[in-house]
Amino acid sequence: MADVNRGNRPLSPHLTIYRPQLTSVTSILTRITGNALIVAALLIVWWFLAASTSPEAFARADWWITSLLGDVVMALSLWAIWYHTLAGIRHLIWDNAIGLDVPVAEKLGWAVVIGSFVLTLITLIIVA
Amino acid sequence: MRYLTDRKRAEGLGSAKTGTAHFWSMKVSAVALLFLIPLFIFTFGPMLGQPHDAVIAYYSKPFPAIVAVLTLIVGFKHFAEGAQVLIEDYVHGLAQKILIILVICLSYAAAAAGVFAIARIAL
């Protein structure tokens with residue numbers, strides 16, 4: 001019944017023994033993309049703040065954000081925001097207890113992955 | 001330990017019985033961002049790399065300015081709540097509390113700075 005030996009029991013293995021699956025990988029990517037977007041968000045705030053300050057300040061911020069490193073960060077962030085948006089839609093669907101069975105969940109997973117790349121490409125073509 | 005009854009050991013180990021308000025708040029901002037993010041991407045995106053006077057002229061217009069302000073406010077609110085859940089999952093004790101406070105303060109500060117900047121450009 002009640003466990004007297006609480007505290008130093010062996011933990012059941014979890015992350016280390018499971019083969020990564022589409023559903024688990026797309027899940028953790030939702031968290032990673034959402035939190036990593038803080039980098040682009042702060043860069044964009046800096047860009048707006050610099051634009052509102054002076055042409056010199058703007059030139060400095062704009063140089064960083066449109067440099068090679070800035071382009072890489074912004075392009076990755078563009079993919080991240082589309083991924084996180086599509087993954088968010090998947091969660092809004094799941095919240096209604098729809099699409100939770102494995103075949104549908106896997107299809108939704110592929111839709112999120114493929115959709116994020118397609119939307120990123122379309123955005124880059126339109127915007128850049 | 002062995003003097004405790006089974007019931008006493010089980011008490012307080014159930015669900016947290018709280019958290020729906022946090023979930024609902026994130027759901028509201030998520031639905032709002034579903035509309036705001038595409039609008040922001042296709043208004044802010046073309047301005048990235050443009051000269052200073054073009055950026056000032058564009059963000060003096062109401063639509064792109066309001067879209068940017070709303071995206072920053074709702075986006076940073078959504079970030080603060082999401083990052084809080086991330087911290088709660090992986091960090092515990094005093095470090096957890098400090099990190100959550102820092103994340104929330106950073107989000108408020110960044111949103112305020114962004115809104116101030118856009119207002120200054122637009123007005």
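UniProt positions are given here in the numbering used for this structure, and such annotations may be inferred rather than shown by experiment.

**Figure 1. Annotated transmembrane regions of chain B in the predicted model.** The unreviewed UniProt entry lists residues 21-44, 56-77 and 98-122 of chain B under "transmembrane region". In this predicted model, the span 21-44 of chain B is 100% helix and 0% strand, and its end C-alpha atoms lie 32 Å apart. For residues 56-77 of chain B the helix content is 86%, again with 0% strand, and the end C-alpha atoms are separated by 26 Å.

**Figure 2. Crossing of helices H2 and H4 in chain B.** Helix H2 (residues 20-47) and helix H4 (residues 62-90) of chain B have axes that come within 8 Å of each other and cross at roughly 140 degrees. The crossing of H2(B) and H4(B) is left-handed, and the residues that form this contact divide by class into 14 nonpolar, eight polar and two charged.

**Figure 3. Overall form of chain A and its annotated transmembrane regions.** Chain A contains four helices and zero strands, which follow one another along the sequence in the pattern α-α-α-α. Its C-alpha atoms fill a box of roughly 70 × 35 × 25 Å along the principal axes, and the radius of gyration of chain A is 21 Å, whereas a compact globule of 128 residues would have one near 14 Å. Buried residues account for 25% of the 128 residues in chain A. Among the contacts in chain A between residues at least 6 apart in sequence, 69% join residues at least 24 apart. The unreviewed UniProt entry assigns the annotation "transmembrane region" to residues 28-49, 61-82 and 108-127 of chain A. Of these, residues 61-82 are 91% helix and 0% strand, with end C-alpha atoms 24 Å apart, while residues 108-127 are 100% helix and 0% strand, with a separation of 27 Å between the end C-alpha atoms.

**Figure 4. Packing of helix H3 against helix H4 in chain A.** The axes of H3 (residues 68-94) and H4 (residues 102-127) of chain A come within 8 Å and cross at roughly 145 degrees, in a right-handed crossing. On H3(A) the contact is made by A:Leu78, A:Trp79, A:Trp82, A:Tyr83, A:Leu86, A:Ala87 and A:Arg90, and on H4(A) by A:Leu108, A:Val112, A:Gly115, A:Ser116, A:Leu119, A:Thr120 and A:Thr123. Sorted by class, the contact has nine nonpolar, four polar and one charged residues.

**Figure 5. Surroundings of A:Leu108.** A:Leu108 lies in helix H4 of chain A and is counted as buried because 24 other C-beta atoms lie within 10 Å, the threshold for burial being 20 or more. When residues up to four places away in sequence are left out, A:Leu108 touches A:Arg90 and A:Gly99. The C-alpha atoms of A:Leu108 and A:Leu86 are separated by 9.4 Å, with the two residues 22 apart along the chain.

**Figure 6. The side of chain A that touches chain B.** Here 24 residues of chain A are in contact with 28 residues of chain B. The elements of chain A that each give two or more residues to this side are helix H1 (22-53), helix H2 (55-65), H3 and H4, and the largest share, 11 residues, comes from H1(A). By class, the residues on this side of chain A comprise 16 nonpolar, seven polar and one charged.

Conventions: Residues numbered from 1 in each chain as written. Chains lettered and ligands numbered in written order. Predicted model: local features only at pLDDT ≥ 70, side-chain atom pairs only at ≥ 80, totals over all residues. Axes fitted to C-alpha atoms, helices over the stretch in contact; angles between N-to-C directions. Left-handed = near helix turned anticlockwise from the far one by under 90°. Contact = placed C-beta atoms within 7 Å. Nonpolar A, V, L, I, M, F, W, Y, C, P; charged D, E, K, R; others polar. Rg over C-alpha atoms; globule rule 2.2 N^0.38 Å. Buried ≥ 20, exposed ≤ 12 C-beta atoms within 10 Å, placed from the backbone.
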